[in-house]
Structure formats: C-alpha cells, structure tokens
Amino acid sequence: MKNELNWAKVGISLPYYNLMLEVTRKCNLTCSHCMRGNPQNLDMSDEILNKIFSQVEQIYHLSLTGGEPFLAPHVVEKMVDIIIEKKIRLGRCTTVDNGTILNDLGIRCIKALNRLADYIYNYVWNDETRNDPKESPPVSISISNSIFHKNDIQKAIGFYESYANQHVKVDDQGEWETGFKDKQGNVLKNKDIKSSGWIKKEGRAKENNIKNSKYMAGTYLVELVMDEDGNTICVDTGIQVCANGNVVVEEPLSFETMDKINMGNVLKEPISCMIYKWNWMEPLQYNEVAVYCNNMTILENPNISDEKRIDIELGNTYFDLKKYLYVKGHKDYPYLTHEELAACVAAELALVVCREFENVETGMSETEMIEKILRKELIGEYTTKFTKADLKRSIDNITARNFERAWEKMNIIDYIKYVSKLRANAKNQIDTLSGDKLKGYVYEK
C-alpha cells in the first residue's frame with residue numbers, strides 16, 4: 001500500500017464514499033425499536049467537527065444521524081460553516097429525522113442545510129450534474145416512517161418545505177423504493193414492509209425483544225477502492241463518526257456497542273491510521289460477518305434440527321478461526337503484506353479443515369477439499385492440485401519473507417528476542433475447528 005508509513009502513524013486525508021456524522025445523541029422520543037438505545041445528553045463538539053474535516057479529501061455522500069439531528073442546530077450550522085470555509089468537495093447530504101421538531105430548532109437546521117445545498121449546487125456540481133433531470137437535489141431530508149414512529153409525516157413535510165429552498169428535498173421515508181417486488185410485480189416501498197426483520201438486536205430493540213429482529217456486528221473490513229499505483233480512490237465502506245469522536249463502520253448499533261467496539265477516536269489519532277490498524281484486526285468482509293450474524297439468529301430457533309445446528313455452528317467457527325489466524329498471523333509476522341498474510345491464512349484453514357475431516361466421509365478427496373478452501377479464500381483460478389505438503393511449503397516460503405524483512409529492520413539482539421518469543425508462542429496456537437476459546441470471536445460484545 002502506497003504511503004504505508006503515513007497510514008500507520010502520521011495520517012493522510014482520505015476521500016469517502018459515505019461519511020456519517022452522529023451530530024447528537026439527544027432524542028425527544030422513546031421508540032421501542034430504537035437500536036441506539038436510551039438517549040444521552042451529548043452533542044458533537046466544534047473540536048471534533050474540525051478534526052473530521054481537516055482530514056477529508058472529498059465526500060460523495062454525507063449523512064447526518066443521531067439521536068435526533070434537528071435537536072442540535074448549532075452542530076449542523078457549524079458543520080456547514082466548516083464545509084464551506086474549507087471548500088470541501090461534497091456530492092450530497094442526507095438526513096432522516098423523526099418529524100417532530102417543528103419549531104425554531106428545526107427551522108435553524110433547515111436554513112443551515114439550505115446554505116449547504118446552495119454551496120453543493122453552485123460550487124461543487126458541474127453543469128452536467130446540474131442539468132441532469134434524473135439527479136435528486138443535493139440535500140435531502142426524509143421523515144421517518146415505520147410502525148414504531150408516532151409522528152404526523154405530512155405535517156412535518158409541509159413545515160420543513162415551507163423553509164427549504166429549491167435545492168433541498170423533503171420526503172417521506174416510507175415512499176423509498178426497496179428494490180423488492182410483490183407477487184404482482186409491483187415495486188415495494190418502505191411503508192409496504194410490515195415486518196420488523198430490518199431491525200437489529202441493539203439498544204431498546206434488544207431490550208424489548210422486538211420480534212424478527214436480527215443480530216449484526218460492525219466488526220468487518222473497511223473496503224478501499226485503489227488505483228493501479230496503490231493510491232486510495234475512496235473509502236468504499238461507510239464510516240461513522242460518533243458524537244463523542246469514536247469512529248465505527250456504518251451500522252445501526254447502540255451507543256453502548258459503538259463506545260465499546262470502535263476503531264479509535266478522532267481526538268486521539270487520524271481516521272486513516274485507525275482504518276489501517278482496524279483492517280489488520282478485522283479481516284472478515286461485510287458479507288462474511290452478515291452470514292455469521294444471520295447464523296446466530298437462526299441458532300436461536302429451538303426447532304431447527306441437530307444436524308443443521310451443527311452445520312451452522314461449524315460454519316461460524318470457521319469464521320472465528322479465520323479471524324483468529326489472521327489477527328495472530330499479523331502479530332507473529334508483522335512484516336507480511338495483507339496479500340501475503342491472506343495466502344498464509346488460506347493455507348492454514350485448508351490444513352485445519354483437512355485435519356478435522358480426515359476420518360469423516362465428505363465425498364471429496366484431500367486435494368479437492370484444499371482446492372475448495374483456496375477458491376473460497378483467494379482470488380484467481382487454481383489449476384494446480386495442492387497437497388498438505390504443498391501448503392506447508394507455501395507457508396514456510398511466505399513467512400521467510402517476514403524474517404528477511406525483520407532482519408533488515410531490527411538489530412541482532414531484538415531479532416533474536418523476536419524469533420525466540422515467536423517459537424515459544426507457537427506452542428499455544430489454536431488450530432482446530434472446535435474449542436470454546438474461539439466461540440463468538442467474530443461477534444464481540
């Protein structure tokens with residue numbers, strides 16, 4: 001990765017596809033499904049806002065969240081001031097509000113977002129974007145619409161529209177199209193979805209045991225879009241900065257969870273440094289963590305068969321082991337690249353699977369089992385048939401690069417200590433698909 005030293009220690013400005021700001025943790029409602037949990041008397045400070053926008057190259061989509069964002073107009077006003085003053089290249093801004101702040105606080109927020117919309121439209125957008133009839137206005141304010149919210153949506157829309165300018169759109173969140181269709185082929189909207197399956201087991205939703213709610217975790221890799229030279233085109237994974245400065249991935253998690261499991265805090269280190277370190281500690285991709293958490297939800301069903309339960313638990317333990325091997329691998333071999341470590345982990349996983357199923361009838365040969373794991377974990381086609389001996393040699397060859405680089409960077413005394421410690425720790429390695437030490441490693445709470 002280009003500028004790796006800066007990523008690790010100094011920090012660099014980054015372009016973001018989706019940056020979310022938790023402008024406040026205050027809220028005037030107590031919805032039973034709220035995944036944030038109980039509100040807190042906390043607004044995002046000017047210091048945190050300045051820290052954020054001092055290390056942003058550009059943002060395609062900025063999202064304001066809370067709490068209830070319109071309870072903190074001073075934060076929204078300050079944010080707009082900073083964006084305009086620093087000439088931040090921002091593509092659009094959206095926020096979802098509960099539609100009950102129909103007073104001076106709401107009016108101040110609308111007026112601030114009017115200024116932001118004018119800035120984006122006149123100074124960021126080009127003529128092609130401005131003249132595109134399919135392009136939505138640069139700022140959108142949507143009113144929450146669900147079976148849990150107690151609000152007058154049309155009244156809120158009318159109130160906000162009376163203060164919004166032509167570059168600000170005010171709409172009903174229930175009118176958003178979901179992408180799903182009914183049996184007649186009609187596209188379903190949010191308001192047509194009566195199930196609560198979109199709700200996560202977080203905050204009050206978890207406390208109230210909302211029916212059909214699902215597990216989710218924010219412990220997954222931050223995806224980066226890179227060019228051929230290793231420069232970051234954008235941070236593709238949504239990043240959220242909390243009101244207290246904590247940095248997390250964009251998930252509907254509780255305040256409690258985000259304060260416990262996060263990348264770090266903007267008041268202490270640059271976001272780019274946090275992402276760099278996070279990706280060594282959270283190697284699983286979003287879809288892997290989503291499968292893991294969905295499996296947790298399924299396992300709560302007392303009616304599933306023992307055979308299915310064992311299969312699901314085994315699948316989750318596979319993810320637990322993968323994360324464990326990756327995190328431990330980076331700790332033991334810190335001079336390997338992500339690609340090199342991923343190859344080692346894939347080989348280790350294949351070896352573990354072969355060992356665990358050595359005496360089990362699977363219908364696959366050893367080489368077929370290895371090929372299946374490598375295809376699952378690594379990009380590319382594999383025409384060569386690998387054996388366990390081949391995998392062990394590959395691991396030895398790759399880790400040898402780590403020792404060569406360590407030798408170049410360390411003095412002789414530190415190198416001897418490093419190798420000695422590594423050999424001592426090798427005795428304690430977990431290398432099995434069973435064992436309580438791995439259980440729940442991905443879903444940390």
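Leaving aside its neighbours within four places in sequence, with which residues is Tyr418 in contact? In this predicted model, the answer is best approached through the helix to which the residue belongs.

Tyr418 is found in helix 15. This helix runs through residues 412-425 and comprises 14 residues. From its first C-alpha to its last, helix 15 reaches 20 Å, close to the 20 Å expected at 1.5 Å a residue. Its N-terminal end is capped by Asn411, of which a side-chain oxygen lies 3.2 Å from the backbone nitrogen of Ile413.

Within helix 15, the buried residues are Tyr415, Tyr418, Val419 and Leu422. Because they cover an arc of only 90° around the axis, they are placed on the same side of helix 15. An α-helix has 3.6 residues a turn, so residues three or four places apart point the same way. The buried residues of helix 15 pack against two other helices, namely helix 11 (306-332) and helix 14 (388-409). On the face turned away from this buried side, helix 15 carries the exposed residues Lys417 and Lys421.

Tyr418 itself has a relative accessibility of 13% and therefore counts as buried. With its neighbours within four places in sequence left aside, Tyr418 is in contact with Asp332, Tyr333, Pro334, Asn402, Phe403, Ala406 and Met410. One of these contacts joins side chains through polar atoms: the side chain of Tyr418 makes a polar contact with that of Asn402, at 2.7 Å. As for Ala406, this residue is separated from Tyr418 by 12 residues in sequence, while the two C-alpha atoms are 8.9 Å apart in space.

Key
Residues numbered from 1 in each chain as written. Predicted model: local features only at pLDDT ≥ 70, side-chain atom pairs only at ≥ 80, totals over all residues. Heavy atoms only, no water. Helix = DSSP H or I, 4+ residues; strand = E, 2+ residues; numbered from the N terminus. Expected span 1.5 Å × (residues − 1). Buried < 20%, exposed > 50% of the residue type's maximum accessible area, 1.4 Å probe, protein only. Arc of directions from axis to C-beta. Contact = heavy atoms within 4.5 Å. Polar contact = N/O pair within 3.5 Å; in protein donor to acceptor, adjacent residues only side chain to side chain.
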